Amino acid sequence: MTTDSARRRPHAPSAAVAASRGARVRAAVARRWPALSALALGAATFADGLPGRGFLAALLAAMPVCYLLFGAFRRSFGGMRTAAVQVAGLLVFGAAAAAVSVGESAGLRLLAAGWAAHAVWDFVHHRTGRVVPRAWSEWCCVVDLCGAAALLAWS
């Protein structure tokens, strides 16, 4: 015969443990709000298909302009070398955006490659903490990855 003390049932965590878990989840969400909001934007934008190719190409060309503007307004270039790298990025991503004029399928793949490359650009900026706020580069990296994935999926 077993007694109640011998039969231990798993018990619910104490209120303090549950509150601690909730605080950790809230802290994680607070740290990653740029990525989470970018995922929501990506889902809303690309879930039901692609926006026009011209629009996606224009966005790719405009992305480095945002970096130049951020760097200029924040005075965060730190020298001509960093500014020159940003201008080179503008030229490269602008050329990738022009690839949309290549045939339908190839143009979408090249455009996807440009969006993926810009995600790498964002990641580097996030890691270095230069030119743009880290929240911006995190947000933009996730949006770019969503865009590249959608371009590949819908091409």
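From the N terminus on, the elements of the chain follow the order α-α-α-α-α-α, and the predicted model accordingly contains six helices and zero strands. Of the 155 residues in the chain, 32% are buried. Among the contacts between residues at least 6 apart in sequence, 73% join residues that are at least 24 apart. The surface exposed by the chain amounts to about 9,500 Å², of which carbon and sulfur atoms supply 68%.

In soluble globular proteins, nonpolar side chains tend to be buried together. In the present model, the largest nonpolar core comprises 29 residues, and the members that touch the most other members are Leu56, Leu60, Tyr67, Leu111, Trp115 and Leu151. Two or more residues are given to this core by each of helix H2 (33-46), helix H3 (53-74), helix H4 (80-98), helix H5 (104-128) and helix H6 (134-154), with the largest share, seven residues, coming from H6. The surroundings of Leu111 illustrate how the core is assembled from separate parts of the sequence: when neighbours within four places in sequence are left aside, Leu111 is in contact with Arg53, Leu56, Ala57, Leu60, Ala96, Ala97, Val100 and Leu151. Among these partners, Leu56, Leu60 and Leu151 are themselves listed with Leu111 as core members that touch the most others.

A polar residue in helix H6, Ser137, was examined separately. Ser137 counts as buried because its relative accessibility is 0%, under the 20% limit that defines this class. Two polar contacts of its side chain were identified: a polar atom of the Ser137 side chain lies 3.0 Å from the backbone oxygen of Arg134, and the side chain also reaches the backbone nitrogen of His126 at 3.5 Å. Apart from neighbours within four places in sequence, the residues in contact with Ser137 are Tyr67, Asp122, His125, His126 and Val132; one of these, Tyr67, also belongs to the largest nonpolar core, and His126 is the residue whose backbone nitrogen is reached by the serine side chain.

Nonpolar side chains are also found at the surface, where Val65, Leu69 and Phe73 form a patch with about 320 Å² of accessible area together. Leu69, one of the three, lies in helix H3, a helix that also gives two or more residues to the largest nonpolar core. With a relative accessibility of 44%, Leu69 counts as partly exposed, because this value falls between the limits of 20% and 50% that separate buried from exposed residues.

Notes:
Residues are numbered from 1 along each chain as its sequence is written. This is a predicted model: local features need pLDDT of at least 70, side-chain atom pairs count only at pLDDT 80 or more; totals for chains, interfaces and linings use all residues. Side-chain values use heavy atoms; hydrogens and water are left out. A nonpolar core is a set of buried Ala, Val, Leu, Ile, Met, Phe, Trp, Tyr and Cys residues joined through side-chain atoms within 4.5 Å. Buried means under 20% relative accessible area, exposed over 50%, partly exposed in between (1.4 Å probe, protein chains only). Helices (H or I, at least four residues) and strands (E, at least two) are DSSP runs, numbered from the N terminus. Contact means heavy atoms within 4.5 Å. Patches are made of residues with over 30% relative accessible area and no salt bridge: like charges are joined within 9 Å, nonpolar side chains (Val, Leu, Ile, Met, Phe, Trp, Tyr) within 5 Å. Accessible areas come from the Shrake-Rupley method with a 1.4 Å probe; for residues, only the protein chains shown count as cover. A salt bridge is a side-chain nitrogen of Lys or Arg within 4 Å of a carboxyl oxygen of Asp or Glu. A polar contact is a pair of N or O atoms within 3.5 Å; within protein, one must be able to donate a hydrogen and the other to accept it, and residues adjacent in sequence count only if both atoms are side-chain atoms.
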